[in-house]
Structures are given as structure tokens and as C-alpha cells.
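Work through the exercises below with the coordinates open. Each task is followed by a stepwise solution.

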Amino acid sequence: MVSSIVATRRILLVDDEADIRTVAIAALERLAGWSVVPASSGAQAIELARVEAVEAIVLDVMMPGMDGPTTLTHLQADERTRDIPVVFLTAKVQQADQDGLRALGARGVVAKPFDPLTLADSLSSELGWS
Amino acid sequence: VSDELDEVLARLWDSHSPAALERLEVVRQAVRSLGDGIAAADDAVSAAHNLAGSLGMYGFGAGSKVALRAEAALRAGPGRGDVDLEELQRDLTQVVEQVSAGRRDPK
């Protein structure tokens, strides 16, 4: 499905896997026209979230060093970033796992591997942008 | 625009596929070792995690599911009776064949 989204969105994408970042950026920028700020770690994401005007953060769950849930805790503790909605990216497909991530305060969860053609629509749906 | 994205994905896959095949081999060896009671090294778990999250983006969704099972088995460690390691080995071999041949899942 080709996205019909036309609004320009600016998001922070956090994943330690370079190839996953590359595909997600290609999908979101070329297909949906979004602007994507990439980060390769939780620590980098926290720094960038403080200074970049992003409307949402797409955050991988399992990363070396600071994982996604810990990163979210830091974002929630900082008044500069606590109101930025977060969507987790995870290969955990069990509903209980996804419910647990939402219970941490995430706006939504998108399963990995994602379909590049529908990634923008999936994120928009989770973020209430549809 | 989706045709343009398809071209981008094809180019990315061309550059990523050798690494994906190397990771699959690392995972296959680790699963084989698991059957011999040897716990997986971190790089094998990491390789399985990467494959689980990435193969499906390039059209190998079935491969992602097998990699996810392998990741769970490697994290669980040796001696887990609920994992059929021989079946997992066979499935990993099929994924290697599928990826090597560029046979993507039907759309």
C-alpha cells in the first residue's frame, strides 16, 4: 500500500542497526516525505531529542548499552523531552510484550521487521496522525 | 514513488546480502553447537537478532521468523527440551538457500 500521507513530519529514529536505519529513512523520507533525524544509540537519542525539534521518536527496544525502555525512562524524566510521543520498534510479537511496552508510557508499538511500504502508515496510526 | 523505493531497497539488499549470509552462517553454527551443549557467543545472538529484524524488510519475512526462533533458542542456551534444534537447523538451511537465490516471499 502506498501512503497517502502528505503532511511533513519530523521524527527521531533510534536503532543500533545501520541497515535498519537506512531502510527506514529511505521509506519515510522518499515515500512519505518525512524528515528523519537518525540516532544509533539510546544515549545519542537523548541528546538529539533535547535539541532537535522532532514530533515523535521511533525507538528500537533491544540495543546494546542503553536499551529502548531505559532510554524512554530518561526521556520521560527530562522536561524538554517528556512530551514527545515514543513508538517502540520491536521483534517481540506477543501481545503481552507489546502491552508491557505501552504500559511504560509508549504511544505505540510497531513490529520488526517492518514493511517499508507501509511503515509511515503504521507509525501514523500509532501516533494518531492518520 | 514506491518503484523508486523498490530500487533503493534492491540496491541496499545488494550491499547487505553478503553480511546477511555471513550472519546466517554464524547463527547456523551456533545452533549446531547448541546441540552439543555449547552456549552461544554474544555475536551469534546479535547476528540472529539483526536477521530477525531485517530480513523481512527485504522481502524475506519467513527468514525473519526463523531467525527470531533461532535468537530465542540461542538466548535460552543449551539443554532446552522445548526447542527442536534439528528442525531449526533445517529451517535455517532453507533460509540460506532462499536468500542466496534471492527468492523473496510471495507478495
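The exercises cover strand pairing, a salt bridge, a cis peptide bond and the chain interface.

This is a predicted model: local features need pLDDT of at least 70, side-chain atom pairs count only at pLDDT 80 or more, and totals for chains, interfaces and linings use all residues. Residues are numbered from 1 along each chain as its sequence is written, chains are lettered from A and ligands numbered from 1 in the order in which they are written, and side-chain values use heavy atoms, with hydrogens and water left out.

**Exercise 1. Trace the β-α-β unit that starts at strand S1 of chain A.**

Step 1. Take the elements from DSSP runs: helices are H or I with at least four residues, strands are E with at least two, numbered from the N terminus.
Step 2. Pair the strands, which requires at least two DSSP bridges between them. S1(A), residues 10–14, and S2(A), residues 35–39, run parallel and share 5 bridges. A:Arg10 has A:Ser35 as its bridge partner in S2(A).
Step 3. Assign the hand. Right-handed means that, with the strands pointing away from the viewer, the path from the first strand over the helix to the second runs clockwise. S1(A), helix H1 (residues 18–31) of chain A and S2(A) form a right-handed unit.

**Exercise 2. Repeat the analysis for strands S4 and S5 of chain A.**

Step 1. S4(A), residues 86–90, and S5(A), residues 108–111, are parallel and joined by 4 bridges. A:Val109 in S5(A) is the bridge partner of A:Phe88.
Step 2. The path between them goes through helix H4 (residues 95–103) of chain A, and this β-α-β crossover is right-handed.

**Exercise 3. Which parts does the salt bridge of A:Arg10 and A:Glu52 tie together?**

Step 1. Apply the rule: a side-chain nitrogen of Lys or Arg within 4 Å of a carboxyl oxygen of Asp or Glu. The search finds 13 salt bridges over all chains.
Step 2. For A:Arg10 and A:Glu52, the closest N and O atoms are 2.2 Å apart.
Step 3. A:Arg10 sits in strand S1 and A:Glu52 in the loop between helix H2 (42–51) and strand S3 (56–60) of chain A, so the pair links parts 42 residues apart in sequence.

**Exercise 4. Locate the cis peptide bond from A:Lys112 to A:Pro113.**

Step 1. Check omega: it is near 0° for this bond.
Step 2. Place A:Pro113: the loop between S5 and helix H5 (119–127) of chain A.

**Exercise 5. Describe the interface of chain B and chain A.**

Step 1. Count contacts (heavy atoms within 4.5 Å). They involve 20 residues of chain B and 17 residues of chain A.
Step 2. Sum the buried area, the accessible area (1.4 Å probe) lost by both parts on being put together. The total is about 1700 Å², 71% of it on carbon and sulfur atoms. In chain B, B:Leu5, B:His49 and B:Met57 lose the most, together 33% of what that side buries.
Step 3. Look for charge pairing. The interface has 1 salt bridge. A:Arg30 and B:Glu4 form a salt bridge at 2.7 Å, N to O.

Terms used
Buried area is the accessible area (1.4 Å probe) that two parts lose on being put together, summed over both.
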